Amino acid sequence: MIEVHSKLPASGVTIFSTMTAMAQRLNALNLSQGFPDFAAPPALLEALNQASLAGHNQYAPGDGILALREQLALQFMQRDQLNLDPATEITITPGATIGIFCTIQAIVHAGDEVIVFDPSYDSYAPSIALVGGKAIHIPLQAPDFSVDWNRVQHAINHKTRMVIVNTPHNPTGALWSKQDWQTLIALIQDKNIVVLSDEVYEHLVFDGRKHISALSFPELRSRSVVVGSFGKTFHVTGWKTGYCIAAPALMTLFRQIYQFANFCGVTPVQIALAQYMQQHPEHIQGLAAFYQQKRDLFLAGIATSKFQAIPSQGTYFQSLDYSQIRPDLDDVAMCQYLAEQHKIVAIPVSAFYCEPPQHAGLIRFCFAKQEQTLIRAGEILSAI
């Protein structure tokens with residue numbers, strides 16, 4: 001009998017799969033997993049159809065279709081006045097998660113430490129563990145989920161190889177300010193530390209705020225890898241297409257790993273995205289207002305409920321405090337209660353922690369949904 005040991009013995013089925021399966025089993029309103037329940041732009045779907053029919057169905061270049069990389073470079077120039085070289089600094093990937101994974105594999109070695117801010121995306125820590133590194137989890141400070149910079153300063157040592165930043169932040173919707181970035185720069189500028197900046201919700205920023213990319217700071221330009229997602233931006237999460245941006249030296253290290261992890265992204269998808277971005281710049285320009293309207297509709301729907309909310313600053317997620325309703329339940333039990341008794345499904349925020357805080361009382365809802373879905377959600381939650 002062969003004996004094989006798991007490299008991730010503590011890992012099981014993700015909470016996202018669990019809650020989605022519960023929604024399907026109970027025929028409940030599913031505001032748990034982060035994907036839209038509305039269609040992608042018709043012109044984008046037609047561009048994909050035409051790209052496939054035109055014969056763009058074989059391997060793409062490993063670094064990505066050049067036209068799509070050029071559109072990304074244009075986007076960063078217009079927004080951040082940042083001059084990127086599409087050939088040496090941008091790689092198209094099949095989703096953001098593999099970009100995160102390959103960046104960690106390329107930079108982190110066995111025994112290295114990586115600072116992770118909790119709550120955090122669930123792929124960070126396993127990716128660090130698989131390479132033999134150690135995740136140093138620093139909890140963000142409620143209720144605004146700001147960084148405790150004293151804890152960061154004390155956590156940094158000669159083993160620290162990377163800091164992972166997520167802005168706009170999933171699951172809380174918090175944004176990093178210019179001061180946050182400048183504080184991080186001051187702490188790492190004389191150290192051999194790389195910044196991995198997960199910016200997949202970069203265009204979903206509300207109330208007149210601005211997204212600030214790691215790459216917009218000259219001090220971070222040579223030591224940062226930025227990961228983004230076309231799926232989040234264009235309502236096509238199932239297309240699994242993202243990107244990584246880094247200075248040439250870091251990008252060379254990234255591509256050394258990436259070429260053996262996946263080799264290339266999907267060709268007709270890249271062709272379609274490049275064409276749509278070129279012909280429809282208004283899509284990205286209107287995206288913040290589009291999702292802010294959905295956030296505001298969801299918040300208006302629960303305004304008379306016993307749930308409490310600090311409006312999300314970004315992403316398409318909104319966390320709600322349920323402590324005035326069922327303080328006797330932890331967030332996992334609360335999500336089960338909502339699903340079984342009220343036929344609405346959310347995600348417990350504790351799922352994003354290495355060591356969940358006691359009595360946090362927060363659950364996360366996705367508002368990337370049709371208006372009727374959000375209205376119905378408000379009716380259900382207001383009746384509890």
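Start in β7. Select Ser224 there: Ser224 is the bridge partner of Val195. Keep in mind that this model is predicted.

**Stop 1: the seven-stranded sheet**

Now select both whole strands. β6 covers residues 194–198 and β7 covers residues 224–229. They pair in the parallel sense, over four bridges. Strands of a sheet pair through backbone hydrogen bonds, either parallel or antiparallel.

Next, bring in the rest of the sheet. It is open and has seven strands, in the order β2-β8-β7-β6-β5-β3-β4. The pairing in this sheet is mixed. Look at the two edges: β2 (90–93) and β4 (134–139). Each has a single partner strand, so one side of each is left without a neighbour in the sheet. Now check the twist. Neighbouring strands are turned by 20° against each other on average, direction ignored.

Add helix α3, residues 66–80. It packs on the sheet and touches β2 and β8 (242–246). The direction of α3 makes about 120° with that of β2.

Then add helix α5, residues 96–107. This helix lies across β2, β5 (160–166), β6, β7 and β8. It runs at about 165° to β7.

**Stop 2: one residue in β5**

Select Thr160. It sits in strand β5. Is Thr160 buried or exposed? Its relative accessibility is 2%, so Thr160 counts as buried; the cut-off for buried is under 20%.

Show what surrounds it. Leaving aside residues up to four places away in sequence, Thr160 touches Glu113, Ile115, Ala155, Asn192 and Ile193. Now draw a line from Thr160 to Phe76. The two are 84 residues apart in sequence, and their C-alpha atoms are 29 Å apart in space.

**Stop 3: unusual backbone spots**

Most residues other than glycine have a negative phi, and most peptide bonds are trans. Here are four places to compare with that rule.

- Select Ala142 and Pro143. A cis peptide bond joins them, with omega about 5°. Pro143 is in the loop between β4 and α7 (149–155).
- Select Asn170 and Pro171. The peptide bond from Asn170 to Pro171 is cis, and omega is near 20°. Pro171 belongs to the loop between β5 and α8 (178–188).
- Select Gln81. Its phi is positive, near 55°, and it is not a glycine. Find Gln81 in the loop between α3 and α4 (86–89). With 59% relative accessibility, Gln81 counts as exposed.
- Select His235. Its phi is also positive, about 65°, in a residue that is not a glycine. His235 lies in the loop between α9 (230–234) and β8. At 10% relative accessibility, His235 counts as buried.

**Stop 4: the three-stranded sheet**

Move on to another sheet. This one is open, with three strands in the order β9-β12-β11 and antiparallel pairing. Which strands stand at its edges? They are β9 and β11 (347–348). Each has a single partner strand, so one side of each has no neighbour in the sheet. Add helix α14, residues 331–342. It packs on the sheet and touches β11 and β12. Its direction makes about 50° with that of β12.

Zoom in on β9, residues 317–321. Four of its five residues are buried, so β9 is largely enclosed by the rest of the structure. Five bridges join β9 to β12 (residues 362–366), and the two run antiparallel. Pick out two facing pairs. Gln318 stands opposite Phe365 in β12. Asp321 stands opposite Leu362 in β12.

**Stop 5: two helix pairs**

Keep α14 on screen and select helix α1, residues 15–26. The two pack at an angle of about 20°, with axes 10 Å apart. They are therefore roughly parallel to each other. The crossing of α1 past α14 is right-handed. Met19, Met22 and Leu26 in α1 meet Cys335, Gln336, Ala339 and Glu340 in α14. This contact has five nonpolar residues, one polar and one charged.

Finish with α13 (residues 287–301) and α15 (residues 371–382). They pack at about 25°, and their axes are 8 Å apart. These helices are therefore also roughly parallel to each other. α13 passes α15 in a right-handed crossing. Residues of α13 in the contact include Leu297 and Phe298; those of α15 include Leu374 and Ile375. By class, the contact has six nonpolar, four polar and two charged residues.

Technical notes: Residues are numbered from 1 along each chain as its sequence is written. This is a predicted model: local features need pLDDT of at least 70, side-chain atom pairs count only at pLDDT 80 or more; totals for chains, interfaces and linings use all residues. Side-chain values use heavy atoms; hydrogens and water are left out. Buried means under 20% relative accessible area, exposed over 50%, partly exposed in between (1.4 Å probe, protein chains only). Two strands pair if DSSP finds at least two bridges between them. Axes are lines fitted to C-alpha atoms, for helices over the stretch in contact, and angles run from 0 to 180 degrees between N-to-C directions. Angles under 35 degrees count as roughly parallel, over 145 as roughly antiparallel, 65 to 115 as roughly perpendicular and the rest as oblique. A crossing is left-handed if the near helix is turned anticlockwise from the far one by less than a right angle, and right-handed if clockwise. Contact means heavy atoms within 4.5 Å. Ala, Val, Leu, Ile, Met, Phe, Trp, Tyr, Cys and Pro count as nonpolar, Asp, Glu, Lys and Arg as charged, and the others, Gly among them, as polar.
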